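Visitor: I am new to protein structures and would like to learn how to read one. Could you walk me through it, feature by feature?

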Amino acid sequence: MPTVMSRFVIPRFLRLARRNRNYIDADLARAHVRERGLRPVAYGPPRTLRGLDVTVVRDRGWPVYTLTPTAGAVRGALVYAHGGGWVGEIAAQHWRLAAQLAVRVRLAVTVPIYPLIPFGTAAEVIPRVAELVRAAGAEYGPTFLAGDSAGGQIALSTALHLRDLGQPAPLRTVLISPALDLTLENPQIDEVQPRDPWLGRDGGLVFGGLWSGALSMRDPMVSPLFGDLTGLGPLTVFTGTEDILNPDARLLAAKARAAGVHLDYREGAGLVHVYPLTPSAEGSAARRRIVSILRADLDGAQVVS
């Protein structure tokens, strides 16, 4: 049973704040894209992050941040793609998770500020994120991929792209409430929609259509659920049942198992979209789980080497 925070407080806040307004209304979604294109918001990390060295470079126009722990040797790397419907900029909760993983797992965490719609598209972003994964692996050794929501789509599409290029798989790909099929055609979405206080189909299709650009919405670079999962490294998936993306997460789990992919599937009954990023007991437990599984993966990699 979810805690009071997760069951009542967070969903009530999301509904009162009308956080779903740009997702349930296509016209509002288009207006939001225009507004963000005209007036982009700040993306820099909060000054309150502790225990880190933070650096940034501009790589072909992208600001690319790296967070490294000030205490202890770096054990590996992680490339993190933030969520926000491909139109929302990175937020404080994304930075806090990246910082926690850097400090507690002793990782060099790369955070690309990738171009958002109406300017960025999957065809541009996925290969560039793959380059960052390869560069992190060359510099730091064992490398993870992670992303939430729209960033989960980027992370899984990047893992597929690396596989198709014959590159080493990430040590693990962590997906938090990932967007997996941007067509949003799963009929079970209709059952979940009344319970979801955050996401919606009509605006989501606007965002996904712009993100797909010239590619088909069924191209795995856009909708990784349509890809062949054979040969991927281990996946960890977090999903809540009060999230319209949950039905596709279940399909992903079935496809991963059928393809022989090692899967750590964490479904939270009664929990909302990206619940591991929320200020709740369930969110804290999920973040601790991510830390523990990444540590274990690094320990296993050291034994093998």
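Guide: Gladly! Keep in mind that this is a predicted model. Let's begin with one residue and its surroundings. Leaving aside neighbours within four places in sequence, Gln-153 is in contact with Trp-86, Ile-126, Pro-178, Ala-179, Leu-182, Trp-211, Met-221, Val-222 and Pro-224.

Visitor: Where does Gln-153 lie, and is Gln-153 buried or exposed?

Guide: Gln-153 belongs to helix α6, which covers residues 150–164. Its relative accessible area is 0%, so Gln-153 is buried. The side chain also has a polar partner: Gln-153 reaches the backbone oxygen of Val-222 at 3.3 Å.

Visitor: Trp-86 was on that contact list. What does Trp-86 touch?

Guide: Not counting residues up to four places away in sequence, Trp-86 touches Leu-116, Ile-117, Ala-150, Gln-153, Ile-154, Ala-179, Leu-182, Phe-207, Gly-208 and Trp-211. Trp-86 has 6% relative accessibility, and therefore counts as buried.

Visitor: Which residues have the most contacts inside the largest nonpolar core?

Guide: They are Leu-78, Trp-86, Leu-101, Val-109, Ile-154, Trp-211 and Leu-294, in a core of 93 residues. Helix α5 (residues 122–140) gives the largest share of this core, with 8 residues.

Visitor: Now the aromatic rings, please. How do I describe a pair of them?

Guide: Two values do the job: the distance of the centres and the angle of the planes. The whole structure holds 6 aromatic pairs. In one of them, the rings of Tyr-65 and Trp-95 have centres 5.2 Å apart and planes at 80 degrees, so this pair is edge-to-face.

Visitor: Which parts of the chain does the pair of Tyr-65 and Trp-95 link?

Guide: Distant ones: Tyr-65 sits in strand β2 (residues 62–69) and Trp-95 in helix α4 (residues 92–105), 30 residues apart. Tyr-65 and Trp-95 are both buried.

Visitor: How are the rings of Trp-86 and Trp-211 arranged?

Guide: They form a stacked aromatic pair, at 6.1 Å centre to centre with 20 degrees between the planes. This pair also links distant parts of the chain, 125 residues apart: Trp-86 is in the loop between β3 (76–81) and α4, while Trp-211 is in helix α8 (residues 201–212). Trp-211 counts as buried because its relative accessibility is 0%.

Visitor: Which residues form an aromatic cluster?

Guide: Tyr-43, Tyr-65 and Trp-95 form one. Now look at Ile-113, in the loop between β4 (107–112) and α5. Ile-113 touches Tyr-43, Trp-62, Pro-63, Tyr-65, Glu-89, Ile-90 and Trp-95, not counting residues up to four places away in sequence. With a relative accessible area of 5%, Ile-113 is buried.

Visitor: Trp-62 is in that list too. What lies over the face of Trp-62?

Guide: Arg-128 does, at 4.2 Å from the ring centre.

Visitor: Let's turn to helices. What pattern should I look for along one?

Guide: An α-helix has 3.6 residues a turn, so residues three or four places apart point the same way. Try this on helix α1 (residues 4–16), whose buried residues are Ser-6, Ile-10, Pro-11 and Leu-14. Its 13 residues reach 17 Å from first C-alpha to last, close to the 18 Å expected at 1.5 Å a residue.

Visitor: And what should I look for in the backbone angles?

Guide: Most residues other than glycine have a negative phi, and most peptide bonds are trans. Arg-18, just after α1, has a positive phi of about 55 degrees. Arg-18 lies in the loop between α1 and α2 (21–24), and at 46% relative accessibility counts as partly exposed.

Visitor: Where is Ser-177 found, and what is the phi of Ser-177 near?

Guide: Ser-177 is in the loop between β6 (173–176) and α7 (189–192). Its phi is near 45 degrees, a positive value in a residue other than glycine. Ser-177 is buried, with a relative accessible area of 1%.

Visitor: Which peptide bond is cis?

Guide: The one from Ile-117 to Pro-118 is cis, with omega near 20 degrees. You will find Pro-118 in the loop between β4 and α5.

Methods. Residues numbered from 1 in each chain as written. Predicted model: local features only at pLDDT ≥ 70, side-chain atom pairs only at ≥ 80, totals over all residues. Heavy atoms only, no water. Phe/Tyr/Trp six-rings, centres within 6.5 Å; stacked < 30°, edge-to-face > 60°. Helix = DSSP H or I, 4+ residues; strand = E, 2+ residues; numbered from the N terminus. Buried < 20%, exposed > 50% of the residue type's maximum accessible area, 1.4 Å probe, protein only. Lys NZ or Arg CZ within 6 Å of the ring centre and 35° of its normal. Expected span 1.5 Å × (residues − 1). Polar contact = N/O pair within 3.5 Å; in protein donor to acceptor, adjacent residues only side chain to side chain. Contact = heavy atoms within 4.5 Å. Core = buried A, V, L, I, M, F, W, Y, C linked by side-chain atoms within 4.5 Å.
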